[in-house]
Amino acid sequence: MDMRTTSAQAPLGYLLHLADTALVLGQRNAEWCGHGPALEEDIALANMSLDLIGQARLLYSHVAEASASGATEDTLAYLRDAPQFRNYTLVELPHRVMALPTSSGDRDFGLTIVRNFLYSALMVLVWEALRGSQDAQLAAIAAKSIKEANYHLRHSRDWLVRLGDGTDESKRRAQAALDYLLPYTQEFWSDSAMETSAARCGVGVDMASLRGRYRKTTATCGFP
């Protein structure tokens with residue numbers, strides 16, 4: 001695939017990073033379909049999955065158009081080998097803390113909520129910044145996606161408050177999920193070459209500039 005860029009086109013590797021991360025988390029959340037702790041949450045997680053997969057589709061289509069390689073959103077999503085994916089490790093982890101037994105097979109609701117909070121808290125900031133991208137198509141995708149990310153953040157934050165103010169067991173599970181997942185957020189701030197390149201040419205985000213605001217957002221739920 002041609003990874004060249006122009007002043008008005010984000011590097012394709014950067015677009016794939018955004019797309020792959022959204023797709024993988026969308027697929028992970030979709031594992032709750034039919035297994036949610038309540039009907040309302042089953043539907044909410046399914047809708048959030050559709051939001052994320054919709055974001056991935058827009059980004060994959062952008063890559064396919066720009067690459068002129070004959071790729072499509074489907075081939076980019078499903079016909080690449082695993083090592084070619086550029087997603088954050090956080091989003092691909094199973095829905096469980098290995099040290100804790102689960103009551104829903106391999107799915108722990110507390111871990112799902114904590115992960116969605118950590119990710120959506122980041123993406124609200126990323127999409128907000130990308131609305132000013134010199135890549136007009138990426139800016140348009142960001143303008144649509146930030147509305148969805150804000151909903152995902154509110155949903156996960158509200159559930160974290162409920163879990164933290166709930167039973168000893170709910171607090172224990174939420175804390176265990178946080179202890180397990182938080183180290184993976186360090187990947188957010190380890191800029192790759194593609195992220196650095198995208199930021200320098202005005203189409204991407206300087207991730208380091210978001211770190212302080214990210215910590216303020218997560219601090220609202222008592223996270224370090």
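This briefing covers confidence, two helices, the internal cavities and a few single residues. The model is predicted. Its protein chain has a mean pLDDT of 90, and 92% of its residues reach 70 or more. The structure holds three cavities of 30 Å³ or more. Helices α7 and α8 each have buried residues that line one face.

**Confidence**

- Among the helices, α4 has the highest confidence in the protein chain, at a mean of 97.
- Confidence is lowest in helix α7 (residues 193–200), where the mean is 89.
- Residues 1–7 stay under 50 in pLDDT.
- For residues 1–7, the model has 16 contacts beyond four places in sequence.

**Helix α7 and the turn after it**

- Met194, Glu195 and Ala198 are the buried residues of α7. Down the axis of α7, these buried residues fall within an arc of 100°, so they line one face of the helix.
- An α-helix has 3.6 residues a turn, so residues three or four places apart point the same way.
- The buried residues of α7 pack against α1.
- Ala193 and Arg200 are exposed, on the face of α7 turned away from its buried side.
- Gly202 comes just after α7 and takes a positive phi of about 80°.
- Gly204 lies in the loop between α7 and α8. Leaving out residues up to four places away in sequence, Gly204 touches Tyr14, Leu130, Ala198 and Ala199. Of these contacts, Ala198 is also one of the buried residues of α7.
- Gly204 and Leu58 are 146 residues apart in sequence, and their C-alpha atoms are 16 Å apart in space.

**Helix α8**

- Helix α8 spans residues 211–219, and its buried residues are Tyr214, Thr217 and Thr218. Viewed down the axis of α8, they fall within an arc of 90°, so they line one face of the helix.
- The cover over these buried residues includes α4 (109–130) and α5 (136–164).
- Arg215 and Lys216 are exposed and sit on the face of α8 turned away from its buried side.

**Largest cavity**

- The largest cavity holds about 50 Å³ of space.
- Its lining is made of Tyr14, His17, Leu18, Tyr88, Leu122, Met123, Val126, Glu195 and Met207.
- Two helices, α1 (12–30) and α4, each supply at least two residues of this lining.
- By class, the lining has seven nonpolar residues, one polar and one charged.
- Glu195 belongs to this lining, and Glu195 is also a buried residue of α7.
- Tyr14 lines the largest cavity and is touched by Gly204.

**Second largest cavity**

- About 40 Å³ of space lies in the second largest cavity.
- Leu52, Gln55, Tyr119, Ser120, Met123, Trp127, Ala149 and His152 line the second largest cavity. Helices α2 (39–67), α4 and α5 each give two or more residues to this lining.
- Helix α4 gives the largest share, four residues.
- Five of the lining residues are nonpolar and three are polar, with no charged residue.
- Met123 appears in the lining of the largest cavity and in that of the second largest cavity.

**Single residues to look at**

- Ala68 sits in the loop between α2 and α3 (73–78). Its phi is near 50°, a positive value in a residue other than glycine. Ala68 is exposed, at a relative accessible area of 72%.
- Asn150 is in helix α5. Asn150 counts as partly exposed, at 28% relative accessibility.
- The C-alpha atoms of Asn150 and Leu125 are separated by 9.6 Å, while the two residues are 25 residues apart along the chain.
- Phe85 is in the loop between α3 and α4. Not counting residues up to four places away in sequence, Phe85 touches Asp20, Leu23, Val24, Tyr60, Leu76, Ala77 and Arg80.
- Phe85 and Thr21 lie 64 residues apart in sequence, with 8.6 Å from C-alpha to C-alpha.

Technical notes: Residues are numbered from 1 along each chain as its sequence is written. This is a predicted model: local features need pLDDT of at least 70, side-chain atom pairs count only at pLDDT 80 or more; totals for chains, interfaces and linings use all residues. Side-chain values use heavy atoms; hydrogens and water are left out. Buried means under 20% relative accessible area, exposed over 50%, partly exposed in between (1.4 Å probe, protein chains only). The arc is that of the directions from the helix axis to the C-beta atoms. Contact means heavy atoms within 4.5 Å. pLDDT is the predictor's confidence in each residue, from 0 to 100. On a 1 Å grid over the protein atoms alone, a cavity is a set of points where a 1.4 Å probe fits but cannot get out, and a pocket is an open set with protein on both sides within 12 Å along at least five of seven lines; lining residues have an atom within 4 Å of a point. Grid points are joined across faces, edges and corners, and a volume is the space filled by probe spheres set on the points. Ala, Val, Leu, Ile, Met, Phe, Trp, Tyr, Cys and Pro count as nonpolar, Asp, Glu, Lys and Arg as charged, and the others, Gly among them, as polar.
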